Amino acid sequence: MKNWFISILNKYKQLKIKNKLILTILLIMIGSLSFILVGFQYAFHVYDQQYYQKTTEVLHMSSNQLEKELKNIEEISFSVMTDNKIQRILAEVKKNDNPYERYQLENELWDLMTDYVGSSKYIHSIHLLDVNGAEYRAGGFSSPIIYNQKEKWIEIAEENNGANQWVTETTSNKIFAIRKIRAHKNLSLDNLGTLLMQVNLDRIVEDSISEENKQTNNMMISSDTNRFFYKDSSIELEKIPYLPKTEVGYQIRTIKGKKYFITHSTSSHVSWVYWNIVSFDSIISKVKTTKYVMVGIFLLLNGLVLLMAIVFSGKLTKPIEQLVLAMKNVQKGNLSITNVLKPADSKDEVGILTNHFILMINRINRLIKENYETQLLIKDTEFKALQAQINPHFLYNTLETINWQAKINGQKDISSMVESLGYLMRNAMKMKNDVVPLEEEIFIVSHYIRIQKYRFGDRLVFREEISPNTKNCYIPKFMIQPLVENAVHYALERMIETCEINVQAFLKENILHIIVEDNGPGMEEALLERVLKQEGKAKGNGIGLSNIDARIKLLYGDAFGLTIKSKAGMGTKVCLSIPNEWR
């Protein structure tokens with residue numbers, strides 16, 4: 001057995017991914033179908049039990065409500081029987097032969113009986129039979145049953161000696177409350193007549209069943225003879241084929257070739273049994289239909305899933321094969337995979353793996369390039385460091401000598417230019433602080449502009465819009481002056497009109513924004529694209545825009561940096577953003 005299992009497992013391992021996927025999904029579908037069928041069977045079994053229990057409870061509640069109303073009617077019949085006025089009238093009618101006086105007594109008796117009829121909506125009519133056999137009625141039309149069985153019911157009332165007796169009829173859904181009326185004055189207990197109250201059983205049954213249970217309730221009532229005196233006309237049953245052994249319960253019985261679900265509740269007040277008889281087919285048919293529909297839907301969905309798995313497995317293996325081929329090329333040392341592997345549009349595991357592999361190779365290529373450029377930069381820095389080894393004090397002293405000679409000779413412009421140049425050189429060579437307050441950086445820019453003013457005169461218009469709350473914000477040293485220098489070089493030097501250069505600084509959401517804007521000729525779209533991609537290189541000995549952007553991102557993160565907006569003939573706007581820092 002073990003060897004057989006290992007053999008199957010080895011064959012499974014040797015299958016292609018596509019076949020593995022299809023076989024796995026097929027096995028899962030078979031297992032799921034088996035599990036669902038067992039689950040359906042159990043769920044429907046639980047549903048049946050709950051349905052039986054609920055139906056029994058509903059029948060019990062309805063029968064209790066019905067008996068509550070019957071007891072209320074019994075109390076009314078007792079009130080009628082013991083009513084002093086009614087007893088007086090019946091006693092006088094028994095002795096009085098005067099037609100006129102009897103007529104008055106009958107009217108008075110009718111008024112009293114009418115009040116009792118209106119005391120309950122379930123009382124159809126009240127009938128009084130005096131000792132002479134005369135009938136006095138109040139309420140609805142008199143039933144022929146009363147006249148046909150009058151003597152029999154008088155005997156029943158006599159046997160019960162004043163106690164209430166419910167009389168039922170199997171030929172109609174009518175019940176009657178019967179009492180013998182005896183005189184209680186002086187405890188004579190003389191026979192005064194018989195009380196019959198016809199009760200609207202249909203209405204009591206209808207009101208005792210809630211709206212939510214009317215659809216599944218077919219209440220039927222049988223007497224001690226086990227015959228129905230109240231039943232649903234849609235079920236052709238004359239007699240229940242078994243007697244209940246318990247007060248409350250249910251059974252499934254076959255009657256005349258049909259299965260019925262029968263619940264019963266035995267009355268504790270009267271000798272009745274309440275039944276709820278529902279065709280078993282009406283219950284089980286819905287369950288069977290639901291079961292077949294669910295299984296059919298499940299099979300259909302599984303068929304669609306299997307078809308999709310076949311299609312999906314083919315699409316899944318193709319990118320995997322391409323990825324394997326690209327890995328083999330990288331293994332051979334070929335890091336150029338653009339012709340072999342394309343970025344995946346899907347976001348599944350294969351797509352993520354492909355895109356991450358491409359990203360990894362691109363990073364390797366970029367690291368190789370950056371390492372190469374770093375080595376070149378180190379060499380260039382070493383060369384520039386050699387060039388900068390001239391004693392700075394010699395330069396300062398020389399500029400100071402020129403400044404004093406200019407002042408002695410009355411050359412104020414030359415003196416001012418020399419002072420500004422000296423200030424710029426001191427700050428450029430001062431390596432103590434990497435960051436300076438914005439106010440100090442603007443002061444450096446002002447000295448640079450002073451020198452350029454002597455060169456370009458009125459053609460250069462320079463404006464500052466520095467918010468007071470930004471002057472103490474710290475920024476990297478020499479961030480603004482190169483931007484202004486670029487504006488002079490690419491705007492002012494290339495136009496004959498007046499060039500306006502504006503420098504703005506403001507805080508927004510705790511981010512310092514610095515804008516250098518000019519109204520120069522702007523940049524062509526191709527040049528701007530190269531600059532934005534950091535392909536444009538700085539000219540001369542200045543610091544390039546890409547270097548400024550890289551420096552900011554290195555210090556503060558990729559969320560900050562430098563952006564450029566420019567159009568041909570529309571000027572250039574350079575925006576610099578860094579986090580607000582105070583020291």
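Select Asn161 first: this residue comes just after helix H6 and takes a positive phi of about 55°. The coordinates belong to a predicted model, and every stop on this tour should be read accordingly.

**Helix H6**

Extend the selection backwards to helix H6, residues 150-160, and display the side chains of Trp153, Ile156 and Ala157, which are the buried residues of this helix. Around the axis they cover an arc of only 95°, which places them on the same side of H6. An α-helix has 3.6 residues a turn, so residues three or four places apart point the same way. Now rotate to the face turned away from this buried side, where Glu151, Glu155 and Glu159 are exposed.

What do the buried residues of H6 pack against? Show helix H5 (144-148) together with strand E3 (165-168), strand E4 (175-182) and strand E5 (191-199); these are the elements that the buried residues of H6 meet.

**The whole chain**

Zoom out to the full protein chain, in which there are 15 helices and 17 strands. Of its 583 residues, 37% are buried. The accessible surface comes to about 35800 Å², and carbon and sulfur atoms account for 56% of that area. Among contacts between residues at least 6 apart in sequence, 61% join residues at least 24 apart.

**The nonpolar cores**

Select Leu66, Trp166, Ile221 and Trp272, the residues with the most contacts inside the largest nonpolar core, a set of 43 residues. Helix H2 (residues 17-82) gives the most to this core, contributing 7 residues. In soluble globular proteins, nonpolar side chains tend to be buried together.

Centre the view on Ile221 and display its surroundings. Leaving aside residues up to four places away in sequence, Ile221 touches Leu66, Leu201, Arg227, Phe228, Phe229, Tyr230, Trp272, Val273, Tyr274 and Trp275. Another core lies apart from the one that holds Ile221; it has 38 residues, among them Leu483, Val488, Leu492 and Ile501.

**His127 in strand E1**

Go next to strand E1, residues 123-130, and pick out His127. Is this residue buried or exposed? With a relative accessible area of 0%, His127 is buried. Its side chain makes a polar contact with the side chain of Glu135, at 2.6 Å. Add Met113 to the view: this residue is 14 residues from His127 along the chain, and the two C-alpha atoms are separated by 8.5 Å.

**Helix H3**

Select residues 84-95, which form helix H3. Its 12 residues reach 17 Å from the first C-alpha to the last, close to the 16 Å expected at 1.5 Å a residue. Colour Ile86, Gln87, Ile89, Leu90 and Val93, the buried residues of H3. Viewed down the helix axis, they fall within an arc of 165°, so they line one face of H3. On the other side of the helix, Asn84 and Lys95 are exposed.

Then inspect the start of H3, where a side-chain oxygen of Asp83 reaches to within 2.9 Å of the backbone nitrogen of Lys85.

**Helix H15**

Move to helix H15, residues 545-556, whose end C-alpha atoms are 17 Å apart; this agrees with the 16 Å that 12 residues should span at 1.5 Å a residue. Display Ser546, Ile548, Asp549, Ile552 and Tyr556, which are buried. Looking down the axis of H15, one finds these buried residues within an arc of 160°, so they line one face of the helix. Their cover includes E13, H13, strand E16 (561-566) and strand E17 (572-579). After H15 comes Gly557, with a positive phi near 110°.

**Two loop residues with positive phi**

Select Phe478, in the loop between strand E13 (474-476) and helix H13 (481-490). Its phi is positive, about 60°, although Phe478 is not a glycine. Because its relative accessibility is 16%, Phe478 counts as buried.

Finish at Glu509, in the loop between strand E14 (499-508) and strand E15 (511-518). Glu509 is not a glycine either, yet has a positive phi of about 55°. How does the accessibility of Glu509 classify it, as buried or exposed? At 72% relative accessibility, Glu509 counts as exposed.

Technical notes:
Residues numbered from 1 in each chain as written. Predicted model: local features only at pLDDT ≥ 70, side-chain atom pairs only at ≥ 80, totals over all residues. Heavy atoms only, no water. Helix = DSSP H or I, 4+ residues; strand = E, 2+ residues; numbered from the N terminus. Expected span 1.5 Å × (residues − 1). Buried < 20%, exposed > 50% of the residue type's maximum accessible area, 1.4 Å probe, protein only. Arc of directions from axis to C-beta. Polar contact = N/O pair within 3.5 Å; in protein donor to acceptor, adjacent residues only side chain to side chain. Contact = heavy atoms within 4.5 Å. Areas by Shrake-Rupley, 256 points an atom, 1.4 Å probe, with all protein chains shown as cover. Core = buried A, V, L, I, M, F, W, Y, C linked by side-chain atoms within 4.5 Å.
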